[in-house]
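Trainee: I should like to learn how to read the features of a model in order. Where may we begin?

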Amino acid sequence: MTRLSDAGEFEVIRRMLAAAPAGGPGVVLGPGDDAALLRPVPGEDLAVTTDAFVEGRHWRPGWIEGEALGARLAEANLSDLAAMAARPRWALLSGGLRGDHPLADLESFQRGLAGALAAHGAAVVGGNLTAVEGAEWWSLTLIGGVSEGRAFRRAGARPGDALVVSGRPGRAGAGLRLAIALGERAREEAFAPLLAAWRAPRARVSLALALAGTHAVGAAVDLSDGFAGDLAHLCEAGAVGAEVELERWPADEALTHAAGVLGVTAEALRMGPSDDYELLLAIAPAGLPACMEAAGREGLPLAVVGRFTDRPGALEALAPDGSRRPLGGAGWDHFAGR
Ligand SMILES: [Mg+2]
């Protein structure tokens with residue numbers, strides 16, 4: 001087995017580029033010079049985001065590695081561009097790797113990363129590798145384009161807007177918790193959708209672009225910390241509150257089953273820390289039909305799970321009898337570690 005220390009830096013870079021050729025639309029000059037040259041589309045703003053993954057914290061050997069890790073890093077960044085309704089274009093990759101890292105694993109990583117980006121028309125245009133002694137890490141910076149003034153933002157939700165979410169929030173966090181709690185037993189069939197949501201998320205880029213076409217989205221955020229935490233971000237940015245109708249939430253048998261096994265409530269899984277990379281949206285009632293139709297064309301479900309209120313900062317659960325209580329579940333805080 002060839003390791004990075006056997007191959008040397010320049011052979012490693014050559015092999016990575018061979019695994020997934022760089023370049024694409026708007027790339028005047030790709031990897032190989034001192035900097036890449038990119039040509040933005042006239043009339044577009046650039047949306048730029050970056051995400052870092054650290055070994056032991058963002059991935060677990062045996063569960064997420066190689067191709068799946070590369071794809072997951074790409075999806076985390078793609079999701080941030082989806083939250084802005086930007087079209088992904090160019091990526092810069094940096095990594096800190098140990099000399100004993102197998103070269104073939106790096107090629108798999110690159111294939112996963114480049115494949116996930118290419119699915120949305122984006123490509124790696126440059127990068128940098130460095131040697132580390134301890135934990136390995138990756139950092140991806142992704143640049144996208146969005147027509148001037150058309151980007152979704154966190155600010156913009158208004159009282160009365162529908163609170164809308166894509167997919168099945170909570171599944172990714174449930175998958176991670178099952179892997180920690182059960183080890184190999186988490187691989188059983190009943191948990192497969194939850195493990196998949198955690199290990200192989202799919203950023204909602206095409207859904208976001210379709211929704212942007214309706215001009216009906218007032219505010220958006222992607223679910224990278226968890227439903228309650230990211231909802232709090234939307235409410236803070238818009239100086240509004242939100243009430244969630246738990247009864248209206250679409251049924252999720254796999255999640256309910258996992259909650260029983262983990263000894264927690266389904267609500268705790270849905271509201272708590274979970275990097276689902278789904279979209280959380282504020283949509284004025286008049287714009288809902290157009291958004292539902294656009295999502296239907298994309299084959300992705302949108303669910304109305306509540307509404308925004310004129311009680312800034314208040315996140316509440318609304319019962320069918322009209323009673324309210326504070327919404328459970330906080331988002332993930334990297335420094336607080338909870
Ligand atoms: Mg985000």
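Mentor: Let us begin with burial: a residue is called buried when its relative accessible area is under 20%. Please bear in mind that this is a predicted model.

Trainee: Which residues of helix 6 are buried?

Mentor: The general idea comes first. An α-helix has 3.6 residues a turn, so residues three or four places apart point the same way. In helix 6, residues 192-199, the buried residues are Leu194, Leu195, Ala197 and Trp198. They lie on the same side of helix 6, because the arc they cover around the axis is only 160°.

Trainee: Against which helices do the buried residues of helix 6 pack?

Mentor: Their partners are helix 3 (66-82), helix 5 (171-182) and helix 9 (253-262).

Trainee: How should the open sheet be read, and what is the order of its strands?

Mentor: Its seven strands run in the order 8-10-7-11-9-12-13, and the pairing is mixed. Strand 8 (217-222) and strand 13 (324-326) are at the edges; each has a single partner strand, so one side of each lacks a neighbour in the sheet. On average, neighbouring strands are turned by 30° against each other, direction ignored.

Trainee: In which sense do strand 9 and strand 11 pair?

Mentor: Strand 9 (residues 241-244) and strand 11 (residues 302-309) are antiparallel, with four bridges. Val244 is opposite Gly306 of strand 11.

Trainee: Which residues coordinate the magnesium ion?

Mentor: Asp80 and Asp222 do, each through OD, at 2.0 to 2.1 Å. Since Asp80 belongs to helix 3 and Asp222 to strand 8, the pair ties together parts 142 residues apart in sequence. Asp222 is buried, its relative accessible area being 2%.

Technical notes
Residues numbered from 1 in each chain as written. Predicted model: local features only at pLDDT ≥ 70, side-chain atom pairs only at ≥ 80, totals over all residues. Heavy atoms only, no water. Pairing = 2+ DSSP bridges. Helix = DSSP H or I, 4+ residues; strand = E, 2+ residues; numbered from the N terminus. Axes fitted to C-alpha atoms, helices over the stretch in contact; angles between N-to-C directions. Buried < 20%, exposed > 50% of the residue type's maximum accessible area, 1.4 Å probe, protein only. Arc of directions from axis to C-beta. Contact = heavy atoms within 4.5 Å. Donors = N, O, S within 2.8 Å, 3.2 Å for Na, K, Ca; no water.
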